[in-house]
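Good morning, and thank you for making time for this presentation. Please look at the sequence and the structure together while I speak.

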Amino acid sequence: MASQLTPTTLGGLEFNDIKNSLTNYLRSQSLFDGYNFEGSALQTVIDLLAYNTFYYAYYANMINAEAFLDSAQKTSSMISLCKPLGFTVPDRTSAIATIQVSSNTNGKINAGTAFIGKDSDGQSFNFYNLEDQDIVDEQSEQFIVHEGQEYIEFDALPTFDFTNQRISIADQNFDLSTIKVTITETLSTGVSETNIWTRLQNVGYVSQASENIYFIERTSTGFGILFGVENSLGRQITTSVKSIKVRYLTSSGTSANSISAFTSSRGIVTTVNTSSGGRNAPDLDDIRFLAPKWFASQERAVTVNDYKALLLESGFFNTPNDFNVFGGQDLTPPKYGRVFVTSNKDADDPDVIRIINFLKERSVVTVFPEYVTSNPVQTNVDISYRLGNTTANTTANQIKVTNYLRNLFASQFAQNKKYNVEFSAEAFIDYVGSDNVGDSDVKNIVITPEDFNIYFEQQIIPSSSNQEFIYNLNNEFLLDLGVYTTISSEFDSDFSRGNKCVLKMYAATTQDKFKILNLQLWTSGGTFVRNCGYFIAKKGVLSISPGTIKTGSSVDLTINFVKKNVVFNLNNLTTLSLNDITPL
């Protein structure tokens, strides 16, 4: 009589699990009492069944994973999943540079004129102006050129799909931001008219049947340009249209960044801004981050995430760690009615002007976007550890473990000049104890969150006597109650009558840590000089008054943080480094 055991264990979908489950099931049958499965022909049949089941399980898992934005791994799946969100997955973005042309003759630099740029290795790249530029008094205005492997312009009317109102273009390296559609049509009066049509990106926009608009749709082979369908997406293309000129650039991506030398047959080229902004196809994680936020905002900037999504999708930045956006309410003191954008770009960079103008058009009436320069923030981590009981406490083992921890930090946790940087001692400890670490001597070390010291370390050099330094670090400062805590090296001050000075913080009670307290200037000999700013220990706020640090002098600040997990946001351009590892 056959056994009633379940033939498979549904939780075990690895090949060996499936094979063992099938074998055990057959062994439970009285028909196979004493049967040697390992050495029999039946084992081949079991292998085939196990392989078949395993392949179907893998296939079903992949199909399921590719059906969701959070788990999809294929670019084609991302393109498909983002369509209902109204988000167009970009391909490459061309690097741009700002130049000026001097010439012996006045005239016009026609759109599509090539400017040759060479990188440090001597490799040449073509850059093109997308609009006509005039040369007046033998010199042009400053203008932007975009890198392009090719400047492509053609009439799409001969192959236009009138039924689906669509132009299909098979090109994988296009830059979405350079697409331009110009349509010439014959009016009812018999006169020909040429207009530049507008690309529409906002899925929440209510278009009219008479509007000259189009949409871009990514495909697995390139992209499509879509016009009005059943009068719901603007005007349709009819037989009155005489030409549909499409222009775009194919891009080299990041390869064309950092080019500063240009030449042209039109005259002498002066580089105003070195090429930047070129990027390759976006990372899938960036798409997962961006697409839902783009759908939620629908090109309206209300929340901080709306601003981030708009700036990323429009190609101003490559990743969320290249910039930050935050509200004025998060500052100390708060600045209501402001939203701040910060990046590693100078305030007078042409990109910054475009960013602010771009956001002004999309911000709500009561919120004003503003660009702020970044505060470079150096954060260091010190780690102590003990070797496990099974590891001999020898110098060789200490060196091995120390080197491994240092390499681990460098590869998985270190950051160099990034925004929204996080570090967690618990996450570091979990990684050391995980299966990622194969060496038992490393995995078995004894380490706790209290073995980490995380601190802010910054050198300050004032450029003028009226310069104020303000840090909003958003991480609580470590202060022992009732003890003056020195936070600086010795330095020269305008207030110290020639004495070397240090900065000190003091809090008498726990409640004081929530208050605005005076930052104090003391001589290195131990004499109080004056108050020279303020701090809020709980919020990690520090302000140093003008004149505190003498111009030409410098001071090194060192402030420990209370928590063993830190997050640096706002305008903090953060470098996170491992400073010291100590075996105990």
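In strand 28, which residue is the bridge partner of Val502? The partner is Trp522. I should state at once that this is a predicted model, and the pairing just named is a feature of that model.

Allow me to place this pair in its surroundings. Val502 belongs to strand 27, which covers residues 500–505. Strand 28, residues 517–523, pairs with strand 27 in the antiparallel sense, and 4 bridges connect the two. Strand 27 has further partners. Strand 25, residues 485–486, is joined to strand 27 by 2 bridges, and these two strands also run antiparallel. There, Thr485 has Met505 of strand 27 as its bridge partner. Strand 26, residues 491–492, pairs with strand 27 over 2 bridges, again in the antiparallel sense. In that pairing, Phe491 stands opposite Cys501.

How many of the 6 residues of strand 27 are buried? The count is 5, so strand 27 is largely enclosed by the rest of the structure.

Trp522 deserves a second look, for its ring has a charged neighbour. The charged end of Lys504 sits over the ring of Trp522, at 4.4 Å from the ring centre. A comparable arrangement involves Arg530, which lies over the face of Phe495 at 3.8 Å from the centre of that ring.

Let me now step back to the whole protein. The protein has 584 residues, and 45% of them are buried. Its secondary structure comprises 9 helices and 33 strands. The exposed surface amounts to about 29,300 Å², with carbon and sulfur atoms supplying 48% of it. If we consider contacts between residues at least 6 apart in sequence, 67% of them join residues at least 24 apart.

I turn next to the aromatic residues. How many aromatic pairs does a search of the whole structure find? It finds 27. One of these is formed by Phe127 and Phe262, with an edge-to-face geometry: the centres are 5.0 Å apart and the planes stand at 90 degrees. This pair links distant parts of the chain, since Phe127 is in strand 4, residues 124–128, while Phe262 is in strand 15, residues 261–263, and 135 residues separate them. Phe127 and Phe262 are both buried.

A contrasting geometry is found for Phe317 and Phe323, which form a stacked pair, 4.3 Å centre to centre, with 10 degrees between the planes. Both Phe317 and Phe323 are buried.

Strand 4 also contains Phe125. Is Phe125 buried or exposed? With a relative accessible area of 5%, Phe125 is buried, the cut-off for that term being under 20%. Beyond its neighbours within four places in sequence, Phe125 is in contact with several residues, including Phe115, Asp119, Glu147, Ser252 and Ile259. For Phe115, which is 10 residues away along the chain, the C-alpha atom is separated from that of Phe125 by 8.3 Å.

Phe323, from the stacked pair, leads us to another group of strands. Phe323 stands opposite Ser343 in strand 18. Strand 17, residues 323–327, is joined to strand 18 by 5 bridges, and the two run antiparallel. On the other pairing, 5 bridges join strand 18 to strand 19, residues 368–372, and here the strands run parallel. Thr342 stands opposite Val372 of strand 19. Strand 18 itself, residues 338–343, has 5 of its 6 residues buried, so strand 18 is largely enclosed by the rest of the structure.

My final topic is a helix. Which residues of helix 8, residues 425–432, are buried? They are Ala425, Phe428, Ile429 and Val432. Seen down the helix axis, these buried residues fall within an arc of 95 degrees, so they line one face of helix 8. They pack against two helices and three strands, namely helix 7 (395–412), helix 9 (440–443), strand 20 (375–385), strand 22 (421–424) and strand 23 (452–460).

Phe428 of this helix also takes part in one aromatic cluster, together with Phe409, Phe413, Phe423, Tyr431 and Phe452.

That concludes the presentation. Thank you for your attention.

Conventions:
Residues are numbered from 1 along each chain as its sequence is written. This is a predicted model: local features need pLDDT of at least 70, side-chain atom pairs count only at pLDDT 80 or more; totals for chains, interfaces and linings use all residues. Side-chain values use heavy atoms; hydrogens and water are left out. Rings of Phe, Tyr and Trp (its six-membered ring) pair if their centres lie within 6.5 Å; planes under 30 degrees apart count as stacked, over 60 as edge-to-face and the rest as tilted. Buried means under 20% relative accessible area, exposed over 50%, partly exposed in between (1.4 Å probe, protein chains only). A charge sits over a ring if NZ of Lys or CZ of Arg is within 6 Å of the ring centre and within 35 degrees of the ring normal. The arc is that of the directions from the helix axis to the C-beta atoms. Contact means heavy atoms within 4.5 Å. Two strands pair if DSSP finds at least two bridges between them. Accessible areas come from the Shrake-Rupley method with a 1.4 Å probe; for residues, only the protein chains shown count as cover.
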